Structures are given as structure tokens and as C-alpha cells.
Amino acid sequence: MRTTPRPRRTRGIRRALTGALLAGLTLLTTAGPALADDPSASASPSGDEAGPTEAGTTFRTATALKQGQSGIAQASAGDYLYWVFPADAGQRPTVRATVKLPESAARRGTSTWQVDVYDGLRRRQACMYGHQTRKAAADAATVELSCVLRPVRSWSEPWANDPLPGSYYIRLTVVDLPAADLGLPVGVQVRTSIKEAGGSHDGDGTLSEPLVPGVSVASTNETGETGEADDGGASAAPRTVATGEPEDGWASGWWTDRWLWTVGGGVLAALAAVFGYSLTRGRGRPSHVPPGV
């Protein structure tokens, strides 16, 4: 009895496995950037809401903004203006500010404006790019400022200055101004936007609480560990934080799109193993060799 070889079937299996490997690699290499660059991912429904019409003058009195929300304020040249907004892990915040300057006839010279962003620990965060400081000419009507922060990480070393989930403070002020122009009225508008950066910036851990002022005290009150007896076992009041939080709440910490990469890598590894086996197992007994030899 002669055994008929099956070279065509082997070639078909190889082609199918090769196609599956190429398709999987294409999916993994294109899915991440597509999600990160999707314009709808950075859109925030809260951007259509009317924003606040005033600004704080210190960190403690900073005016709260929602993600994607704008705020306006009337102030005097030389004032320090503060806003605060939340940012979660995997997000890349962008802050833009527009200062409407007084009439050129009332000004005595050029001015330099600056926008700074601080995290919940009041650490100044560096801008990836943007116009954080700009000089306005004596005849300029407005000055535009911007700051694109680094993606917020879920966790980092204590000594690092990485952006972490929590509150982010915006501080706008003039850093160089003729003394005669101090106190002139100015109009300010700030805008915040969030872009999803994806799990490529995630760390290997999570914070127990976001960096929001007062969150530890609120958590203690919620669990009833303040040392004071509860009134008749009544349930504690829900936690409220003045600086707000993302619309969908803070990230739970366990889900990330890195899971997709892990599962995809496992599938590709399995396909590669099958493909390697099909290459090394050979075509069986040659046709000219009789059975039993």
C-alpha cells in the first residue's frame, strides 16, 4: 500500500496561519493609535454646559471646572487666578487660556503672561508642548496661552514628578508688566480638554485614592472611623469632593487596554506555535517507502 503525500494541504495550512499572524499583528499595531487619536474619545459632553464666571485667587479657593468645560472671569492685571479640574489615569489634559487685554491707549508697554498647571500635591507639572508663556505687544488685543500635559499615570515612584490621577490646578497671571499697568481690567477665558492616551502609559500599580484635597478625610468619614459614634447606625453621608471628579468616576485600576495586548499576544503566540509545528513535523512517510520500514 502506498501513502499519498499531502503537500497541497500543508501549504494551505501554512498560508492560513501566515495570514492569521499578519492580521493579528496589523490589528494590534493599529488599534492602539486609532483609539488614542479618535476625536470622539476626547470629546466631553460637559463641554456644552455653561461654565463658571469667576476664578479663585488661591489654591484653596480655586474654581472647579469639569472635564472639557470652559470658564470665564473678569480680573485686574497682576491678580493670580486659579481653576481646578480632574484628570484620571490614561488621560492627557490640555489647558488653553485667552486673555483679553485693555485698550492699547490705556497701556504703557508690553506684558508677559503665563499659565501654570499643578497636580493635587501642588507640584508644578511640565508641559509637553504649547505656549505656556507669551509676550503681548503694547497694541495687542488678546494673548493665547496653552499647555499640553504629559499623560496621567496610574502610579509612579514617590520621588518621581509624574502626573497622577486627581485634581489639577490652573494658575494664570502676568509675570512682567509695567507698574503703571497694574490693576487694569482684563477678561480671561480658560478651556480644558482631555484626550485618552491609552494603556501604554499605565504603571504596574494604582493609588489607593486620587490626589484630591480632602479625599482622605472624606473616606474616613464615610467608613465611620473618626472615633465618633454613629447616630443610631445611620448610613454615612455620600462622599462629596469640592473639586469634582471625572463624569464616569475615577478609574477602578484593574481595567486597561493593555489587557487587549496581553490577550492578543497570547493568541499570536499560539498561532506561531502551530505554524512552527507545521514547518518542523515534515510531510510524513515518503511515497516510495513501503509501510513497516
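Okay, D162 and R150: these two form a salt bridge, and the closest N and O atoms are 3.6 Å apart. Both D162 and R150 sit in the loop between β8 and β9, yet the pair links distant parts of the chain, 12 residues apart. Keep in mind that this is a predicted model.

Is D162 buried or exposed? D162 counts as buried, at 17% relative accessibility, and the cut-off for that word is under 20%. R150 is partly exposed, with a relative accessible area of 28%.

D162 has another partner as well. It forms a salt bridge with R153, and there the closest N and O atoms are 3.1 Å apart. R153 comes out partly exposed, its relative accessible area being 27%. Elsewhere, salt bridges that share partners tie D116, R124 and R171 into one network. Searching the whole structure gives five salt bridges.

Let me stay with D116 for a moment. Its salt bridge to R124 has the closest N and O atoms 3.1 Å apart. What does the accessibility say about the two ends? D116 is buried, at 1% relative accessibility, whereas R124 is partly exposed at 41%. And R171, the other member of that network, turns up again as the bridge partner of D116 in strand β9.

That takes us to strand β5, residues 111-118, which is where D116 lives. The strand is mostly covered, with eight of its eight residues buried. Which residues point which way? S111, W113, V115 and V117 go one way from β5, while T112, Q114, D116 and Y118 go the other way, and all are buried.

As for the neighbours, β5 runs antiparallel to strand β9, residues 166-176, and seven bridges join them. β5 also pairs with strand β7, residues 133-136, again in the antiparallel sense, over four bridges. If you want a spot to click on for that pairing, take T112, whose bridge partner in β7 is K135.

Now, empty space. The whole-structure search finds three cavities of 30 Å³ or more. How much space lies in the largest cavity? About 60 Å³. Its lining is A77, L101, P102, R107, S111, W113, L177, D181, L184 and V186. You'll recognise S111 and W113 in there; those are two of the β5 residues that point one way from the strand. By class, the lining has seven nonpolar residues, one polar and two charged.

Last topic, the disulfide. The count comes to one, and that one joins C127 to C147, with S to S at 1.9 Å. For anyone who cares about torsions, the angle about the S-S bond is -100 degrees, and the link is left-handed. What does the disulfide tie together? C127 is in strand β6, residues 127-129, and C147 is in strand β8, residues 142-149, so the pair connects parts that are 20 residues apart in sequence.

The two cysteines also sit in unlike surroundings if you look at accessibility. C147 is buried, at 0% relative accessibility. C127 is partly exposed, with a relative accessible area of 22%, and since buried means under 20%, C127 falls outside that class.

So, if you have the viewer open, start from D116: it is buried, it bridges to R171 in β9, and it forms a salt bridge with R124. Then go over to C127 and C147 for the disulfide. That's it from me.

Notes. Residues are numbered from 1 along each chain as its sequence is written. This is a predicted model: local features need pLDDT of at least 70, side-chain atom pairs count only at pLDDT 80 or more; totals for chains, interfaces and linings use all residues. Side-chain values use heavy atoms; hydrogens and water are left out. A disulfide is a pair of cysteine sulfur atoms within 2.5 Å. Buried means under 20% relative accessible area, exposed over 50%, partly exposed in between (1.4 Å probe, protein chains only). On a 1 Å grid over the protein atoms alone, a cavity is a set of points where a 1.4 Å probe fits but cannot get out, and a pocket is an open set with protein on both sides within 12 Å along at least five of seven lines; lining residues have an atom within 4 Å of a point. Grid points are joined across faces, edges and corners, and a volume is the space filled by probe spheres set on the points. Ala, Val, Leu, Ile, Met, Phe, Trp, Tyr, Cys and Pro count as nonpolar, Asp, Glu, Lys and Arg as charged, and the others, Gly among them, as polar. Two strands pair if DSSP finds at least two bridges between them. A salt bridge is a side-chain nitrogen of Lys or Arg within 4 Å of a carboxyl oxygen of Asp or Glu.
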